[in-house]
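Dear colleague,

I am passing on the structure we spoke about, together with some notes on what came out of it. Please look through the coordinates first and then read on.

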Amino acid sequence: MTNPSAAVPAWCVIGRAPDSALGGVRGMGSMIAVVDLDDARQRIGNHHLGADELPTFVREREAQGRPRWVFSDTPNWYPALLAAGVQIERCYDLRLTHAILMRSELVADRNAVASAEEWDAGPVSAPTAPEAEALFEVTERRSHIKTVPHDIESALAEFARQSTALQTASDPGRLRLLLAAESAGGLVAAEMQAAGVPWDIAEHDRILAEELGPRPARDAKPAKMLAVAEQVRAALGDPRANLDSHVKLLHSLHAAGINVASTSKWELQESNHAAIAPLLEYKKQSRLLSANGWAWLDEWVSEGRYRPVYVPGGVVTGRWAASGGGALQIPRQLRPALRADPGWRLISADVAQLEPRALAAMSGDRAMAEAGRGRDLYSGLVDEGIVATRQEAKIAVLGAMYGSTTGDSGRLVPRLRTSFPAAMGLVDSAAEVGAAGGVVSTWLGRTSPVPGEGWRRVQSAANQFDATPADENRARRAAGDQGRFTRNFVVQGTAAEWALAWLADLRLRLSQLPAIDDGNPGTTSAVDGDGGTTSAGETMGHVADASGPVFSRRAHLVFFLHDEVIVHAPAQHAEAAAEAIREAAASAGTLLFGNAPVDFPLDLTISERAAKD
DNA sequence: CCTCCGAGCGCG
DNA sequence: AAAGCGCGCTCGGAGG
C-alpha cells in the first residue's frame, strides 16, 4: 500500500513496520515501512511493502531521484539489496552517524543524541550470507550482541534527534561532510564484501607448499616445518624441545646457553647460536600456517573470492577495523594470490605518506606542504636540508606523529619543530590537551573519547596529599600515554577522513563506467536498474559470476586498507578506472582542504596480479 | 568444557 | 635495533 507523493523525496527512511514487530513470522509477512521526507526532513509519504518487494522499490526510486536512504545500520539492510542486484547511490547510516554526533565537540547540544543509548551499539560486523537472507533474524540469533533498533519509528526518532543536534553544530557543513563520508564507507564495505577479492587459490597453495611443504593430512604439521624444527632441536641438543610454547622454548634456549629474556624475533636475532636461524625460519612458517594457511583458505575463500568482514568506524580514530578474515593483515607474502579474473585487471593504488600530508594540510603548514609537493615527502626533507637521509626523515616524521621522545627519533623530532612550526604546534598541543584529560577533534569533527574512570582515578590519586612517588609515576605515565593517543588521533583520524572521501568519490566514479558487453543488453549505470535478471553469471556461467549480479560486469572496489585501494576492472576499462582513482584522490583533497597547497600523490599499478614491491 | 589474557607478529 | 600510534588473529597457558 502506497500513497505516492508528487514531490521527489530527499530522504527515504527504511524500517521494520510496526505490525511485524510482534508477529515475527518467518520467511513471509515481514513488512517494511519506507517514509519519505523532503529537504526540510518533513514527512511527505508512507509506504508499506513486503521484504521481497524492497529491492524493486529501491531500484525504482534510484531510477527516479536517488534519495539518500536512511538505514538503521547498513549491514542489516544493504547486503540483501546487493544480493538482489540493487546498488544505491547514497545513504545515511544512523548507527555510524550516532557514534560521531554523540561525541563531537562541534555539536553544542549532544545530550539528546547521547542519551539515546540503544543507538550506541558499537561496531557491528556485517552478517554472514545466510543471516542476511533472513532479514529479521539477526537480532534474535545474536542476542548477546548489542544491536541498534531497526523499526521505522525508532529510526525516524533517531533521525530527528540527529537533525536537531546538527542544527546546534558550530560548523555543520564539516560535520555533514563527515557523516556523508562515513555512511558512504558503510556502503563500500558492504559492496566489497559482496564482490569479494578475486583470489587465486592455486597460487596461494603454491606459496604455502613452497614455504611449508605440501598440504599435510588434517592437523599434521607440514613436512618442511617438521624438517626445520628438527634442525632447531639438533642445534639446541634438545631432541624434545617444544617450539610452539613460548615458556617451554625459553627454557630450552636457556638450557642451550642462549640468554634471551623472551622468544621474540628481534631478541633472538641478537644471538648467533646455530639454532637461531632455523628457529626464526620455523617461527615464520608457523605464523604463515596458523594465520593464512590451508585452514584460512578453506574458511575465507570460496568460488575464487576472498570475503573478509570489514567494520567501518570500528576504530575510535575513524579507521576501519576488521572482524573475521583478517582483511587488515594480509601478509605481503600472499599478495601474488590476488589475481584478476581472465580479461580483467587489478588496479592497486596507495597514497605515499598520507598521514604527514594530512597533518600538513590541516595545520596549514606551508613549509611541510612544500616538502611533499610533487615528490616523496621524506626525500623532500632531505632536499630541504632538514635531515641527512630519507631514513632519518621517516624516523623523525613518524616520531613526531607518535610522540616518541627517545633514541634517534627523539633526537630528530626537535629539528621538525624548527622547520615545521605549524604542523608540530598542532600535534604538540593535541598531546597537551590529551595529557590533561581533554578531548581533541579531527579536521571534520570526529572527537576523541574522554579518558575513562580508571584514568581519572589515577590522576587524582597523584594529587592527594599522601600520594606516593609510585602514584605520581603512574599518573605521569598515564598522562603521557593519553597525550600520545590524542596527538596521533588528530592525524590518524584526519587521514582516515581523507581516505573515506577518496573511497566515497571513487565508488561513484566507478559506477559511471560502462558495463562490459557480454551479449546481453546492458545498462550504463550501476545505480539505475542493473537488475539481477540480466546478469552474466546467471545466463552463461561467466568467469566473473562469483562477484554477484551487481559487480560481475563493471569495475568495482575489492579492497581497502587505510591508505590503499584495489579495484577490479575489465581490461578495457582499466585505464579509465585508474583515472577514476586519481581523480577521486584529487577531489578528496579539495573537498577536505580546499586550495591548501598539499597534494596526495598515488603509487598506482595496473596488472593481473596485485604483487607489490 | 569454557573464557580470558599476554606474547608474538601480521598490517597501516 | 626499537622507539612512538592504531588495529586483529592465533596460540598456549591459566583459571573457572
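To which kind of oxygen of DNA strand C does a polar side-chain atom of Arg484 lie at 3.1 Å? In this predicted model, the partner of Arg484 is a sugar or linking oxygen of that strand. Two further polar approaches to DNA strand C can be set beside this one: an N or O atom in the side chain of Ser245 is 2.4 Å from a phosphate oxygen, while a polar side-chain atom of Asp408 lies 3.3 Å from a base nitrogen. The elements that contribute two or more residues to the surface near this strand are α14, β10, α19, α20 and α23, and α23 provides the largest share, with four residues. Sorted by class, that surface holds 13 polar, seven nonpolar and six charged residues.

Away from the DNA, I also looked at a sheet. Its five strands form an open, mixed arrangement in the order β3-β2-β1-β4-β5; β3 (43-50) and β5 (90-93) each have a single partner strand, so one side of each is left without a neighbour in the sheet. Neighbouring strands are turned against each other by 25° on average, with direction ignored. β4 (residues 68-71) runs parallel to β5 and is joined to it by four bridges, and Phe71 stands opposite Asp93 in β5. Helix α3 (residues 74-83) packs on this sheet, touching β1, β2, β4 and β5, with its direction at about 125° to that of β4, whereas helix α8 (residues 152-167) lies across β1, β2, β3, β4 and β5 and runs at about 140° to β1.

With best wishes

Definitions and conventions:
Residues are numbered from 1 along each chain as its sequence is written. Chains are lettered from A and ligands numbered from 1 in the order in which they are written. This is a predicted model: local features need pLDDT of at least 70, side-chain atom pairs count only at pLDDT 80 or more; totals for chains, interfaces and linings use all residues. Side-chain values use heavy atoms; hydrogens and water are left out. A polar contact is a pair of N or O atoms within 3.5 Å; within protein, one must be able to donate a hydrogen and the other to accept it, and residues adjacent in sequence count only if both atoms are side-chain atoms. Ala, Val, Leu, Ile, Met, Phe, Trp, Tyr, Cys and Pro count as nonpolar, Asp, Glu, Lys and Arg as charged, and the others, Gly among them, as polar. Two strands pair if DSSP finds at least two bridges between them. Axes are lines fitted to C-alpha atoms, for helices over the stretch in contact, and angles run from 0 to 180 degrees between N-to-C directions. Contact means heavy atoms within 4.5 Å.
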